[in-house]
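Got your viewer open? Let's take a walk through this one, stop by stop, with something to select at each.

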Amino acid sequence: MQIFGADNYATSFMLHVYDGQLMYYNRKVMEHDIYERWFRLNVIHTVGQGITVFIDGIQKYVANDRGGKDHYFKFGVYMQEDSSYLMESSWRDVKIYNKS
């Protein structure tokens, strides 16, 4: 899952899965043993302030916003280092809330 748009970067936020670990970029483990199970992911992006991540209702991380005025997000499967022949991602009940 990625939030695109930042001042000096392509993204403001990115989650990856490496060896079954859900990670903030490739630096911090957000959740262990993520394969073969459903989990609820909530990401709150307050532009100009920060990004807060909740997994199954538990706050896991707060990151600084990387700036930028235009943002959009994507989620799915993206090839990474040492990719396998089977990569899949399932999402359901995706909701987007916008505070205007």
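In which sense do strand 5 and strand 6 pair, and over how many bridges? They pair in the antiparallel sense, over 6 bridges. Keep in mind as you click around that this is a predicted model.

**Stop 1: the three-strand sheet**

Select strand 5 (41–46) and strand 7 (58–64), then add strand 6 (residues 50–55). These 3 strands form an open sheet in the order 5-6-7, with antiparallel pairing. Strands 5 and 7 stand at the edges with a single partner strand each, so one side of each has no neighbour in the sheet. Going from one strand to the next, the twist averages 15 degrees.

Now look across the pairings. Between strand 5 and strand 6, find valine 43, which stands opposite valine 53 in strand 6. On the other side, 6 bridges join strand 6 to strand 7. Show isoleucine 51 and you'll see alanine 63 of strand 7 opposite; show threonine 52 and the residue opposite is valine 62, again in strand 7. As you scan along, remember that in a regular strand the side chains alternate between the two faces of the sheet.

**Stop 2: the two turns**

Zoom in on the hairpin of strand 5 and strand 6. There are 3 residues between the strands, and glycine 48 in the turn has a positive phi of about 85 degrees. Then slide along to the hairpin of strand 6 and strand 7, with 2 residues between them. Here aspartate 56 sits in the turn, with a positive phi of about 50 degrees.

**Stop 3: tyrosine 35 and its surroundings**

Select tyrosine 35, in the loop between strand 4 (28–31) and strand 5. Is tyrosine 35 buried or exposed? Its relative accessibility is 52%, so tyrosine 35 counts as exposed. Leaving aside residues up to four places away in sequence, tyrosine 35 touches Val17, Asp19 and Gly20. Draw a distance from the side chain of tyrosine 35 to the backbone nitrogen of glycine 20 and you should get 3.4 Å.

Glutamate 36 is in the loop between strand 4 and strand 5 too. Check its backbone: glutamate 36 has a positive phi of about 60 degrees, although it is not a glycine. With a relative accessible area of 79%, glutamate 36 is exposed.

**Stop 4: glutamine 21**

Next, pick glutamine 21 in strand 3 (residues 21–24). Its relative accessible area is 18%, so glutamine 21 is buried. The side chain of glutamine 21 reaches the backbone oxygen of aspartate 19 at 3.2 Å. Again leaving out residues up to four places away in sequence, the residues glutamine 21 touches include His16, Val29 and Glu31.

**Stop 5: tyrosine 25 and the aromatic cluster**

Move to tyrosine 25, in the loop between strand 3 and strand 4. What is the phi of tyrosine 25? It is near 45 degrees, a positive value in a residue other than glycine. Tyrosine 25 is buried, with a relative accessible area of 10%. Measure from C-alpha to C-alpha and tyrosine 25 is 17 Å from tyrosine 35, although they are 10 residues apart in sequence.

Turn on Phe13, Tyr24 and Tyr61 along with Tyr25: together they form one aromatic cluster.

**Stop 6: the other rings**

A search of the whole structure finds 6 aromatic pairs. For one of them, select phenylalanine 4 and tyrosine 72: the ring centres are 4.9 Å apart and the planes are at 10 degrees, so the pair is stacked. This pair links distant parts of the chain, with phenylalanine 4 in strand 1 (residues 2–4) and tyrosine 72 in strand 8, 68 residues apart. Phenylalanine 4 counts as buried, at 15% relative accessibility.

Then try phenylalanine 75 and tryptophan 91, a tilted pair at 4.5 Å centre to centre and 45 degrees between the planes. Both residues lie in the segment after strand 8, 16 residues apart. Phenylalanine 75 counts as partly exposed at 33% relative accessibility, and tryptophan 91 counts as partly exposed at 37%.

**Last stop: colour by confidence**

Finally, colour the chain by pLDDT. The mean is 86, and 94% of the residues reach 70 or more. Confidence is highest in strand 6, at 93, and lowest in strand 8 (residues 72–74), at a mean of 84.

Methods:
Residues are numbered from 1 along each chain as its sequence is written. This is a predicted model: local features need pLDDT of at least 70, side-chain atom pairs count only at pLDDT 80 or more; totals for chains, interfaces and linings use all residues. Side-chain values use heavy atoms; hydrogens and water are left out. Two strands pair if DSSP finds at least two bridges between them. Helices (H or I, at least four residues) and strands (E, at least two) are DSSP runs, numbered from the N terminus. Axes are lines fitted to C-alpha atoms, for helices over the stretch in contact, and angles run from 0 to 180 degrees between N-to-C directions. pLDDT is the predictor's confidence in each residue, from 0 to 100. Buried means under 20% relative accessible area, exposed over 50%, partly exposed in between (1.4 Å probe, protein chains only). Contact means heavy atoms within 4.5 Å. A polar contact is a pair of N or O atoms within 3.5 Å; within protein, one must be able to donate a hydrogen and the other to accept it, and residues adjacent in sequence count only if both atoms are side-chain atoms. Rings of Phe, Tyr and Trp (its six-membered ring) pair if their centres lie within 6.5 Å; planes under 30 degrees apart count as stacked, over 60 as edge-to-face and the rest as tilted.
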